[in-house]
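This report describes the fold, the nonpolar core and selected polar contacts of one protein chain. The sequence and the model are shown first.

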Amino acid sequence: NPTLSSANLQALAVDLKGRYQELLGLANSKDGQGRYMFSGFQGTTQPFTQTSGAGVYAGDQGQRNVQISASRQVSTSDSGQDVFKPGVAGQDVFATLDTLITQLNSGSITPSQLSTAISGLDSALNNVLRVRASVGARMQELDATDNTHSATTLQYQTAISNVRDLDYTKAITDLTRTQTSLEAAQKSFVSVSQMSLFNYLGN
């Protein structure tokens, strides 16, 4: 808003600095095992430090994987570089915010500078949405695999239960009865097969 005073712009810079710190905290989040989520393979290394206003990435580009089947692995992490600083012009969210904060702190900002900042934030957001879509697809695959594993486990449990709970006395009796019936049927077949049509008509 062009009517904002220098003091108003500086107040916005203070608020935006707080948002920056929140984002930095999210970028340095840890998982349930105490490893940094966005540091690639460097799970014990804090991925982002603020040695400069734009933030410095200390992780690598790796993605940690988990085996979900005999032939399939799924990534359980994304590197902070890919999420927050992808190396594409205008998509480094930390650099974009840092520049905007500096401009607001100066007490004046031109429409061109503001337009550049908004465009950069939109690009950074689109990049985050891209990563989130990828995470969503991986979660759906995990759910589908989990359902398949659950169905297979149920089949195995049913088969084991049928064997474990088998009434052996009844099973042996049924098998003996079936064998007797089969033998009788075989003998009848042999007798019938030895008879020709002429023998049958002759009788």
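What percentage of the 203 residues of the chain count as buried? In this predicted model, the share of residues that count as buried is 24%. The accessible surface of the chain amounts to about 13,600 Å², and carbon and sulfur atoms account for 58% of that area.

**Overall architecture**

Six helices and four strands make up the secondary structure of the chain. Read from the N terminus, the order of these elements is α-β-β-β-β-α-α-α-α-α. If contacts between residues at least 6 apart in sequence are considered, 53% of them join residues at least 24 apart.

**The hairpin of strands 3 and 4**

Strand 3 (residues 65-69) and strand 4 (residues 72-75) run antiparallel and are joined by four bridges. The two strands form a hairpin, with two residues between them. Within this pairing, Ser69 is positioned opposite Arg72 of strand 4, while Asn65 is positioned opposite Ser75 of strand 4.

**The nonpolar core**

The largest nonpolar core comprises 21 residues, and the members that touch the most other members are Phe48, Phe84, Val93 and Phe94. At least two residues of this core come from each of helix 1 (6-27), helix 2, helix 3 (93-105) and helix 4 (111-164). The greatest contribution to this core is that of helix 1, which gives seven residues.

Phe48 has contacts with Leu24, Ala27, Asn28, Val56, Tyr57, Gly80, Phe84, Lys85 and Phe94, leaving aside residues up to four places away in sequence. Two of the residues on this list, Phe84 and Phe94, are also among the core members named above.

**Two buried polar residues**

Asn28 is located in the loop between helix 1 and strand 1 (48-49). Its relative accessible area is 15%, and Asn28 is therefore buried, given that the cut-off for burial is under 20%. Beyond residues up to four places away in sequence, Asn28 touches Tyr36, Gln46, Pro47 and Phe48. A polar atom of the Asn28 side chain lies 2.9 Å from the backbone nitrogen of Phe48.

Asp78 belongs to the loop between strand 4 and helix 2 (80-84). Is Asp78 buried or exposed? Asp78 counts as buried because its relative accessibility is 8%, with the limit again under 20%. With residues up to four places away in sequence left out, Asp78 touches Met37, Phe38, Gln63, Val83, Val131, Val135 and Arg138. Two residues of this set, Gln63 and Arg138, make side-chain polar contacts with the side chain of Asp78.

The polar contacts of Asn28 and Asp78 are listed below.

| Group of the buried residue | Partner group | Distance |
|---|---|---|
| Asn28 side chain | Phe48 backbone nitrogen | 2.9 Å |
| Asp78 side chain | Gln63 side chain | 3.0 Å |
| Asp78 side chain | Arg138 side chain | 3.0 Å |

How values were computed:
Residues are numbered from 1 along each chain as its sequence is written. This is a predicted model: local features need pLDDT of at least 70, side-chain atom pairs count only at pLDDT 80 or more; totals for chains, interfaces and linings use all residues. Side-chain values use heavy atoms; hydrogens and water are left out. Two strands pair if DSSP finds at least two bridges between them. Buried means under 20% relative accessible area, exposed over 50%, partly exposed in between (1.4 Å probe, protein chains only). Contact means heavy atoms within 4.5 Å. Accessible areas come from the Shrake-Rupley method with a 1.4 Å probe; for residues, only the protein chains shown count as cover. A polar contact is a pair of N or O atoms within 3.5 Å; within protein, one must be able to donate a hydrogen and the other to accept it, and residues adjacent in sequence count only if both atoms are side-chain atoms. A nonpolar core is a set of buried Ala, Val, Leu, Ile, Met, Phe, Trp, Tyr and Cys residues joined through side-chain atoms within 4.5 Å.
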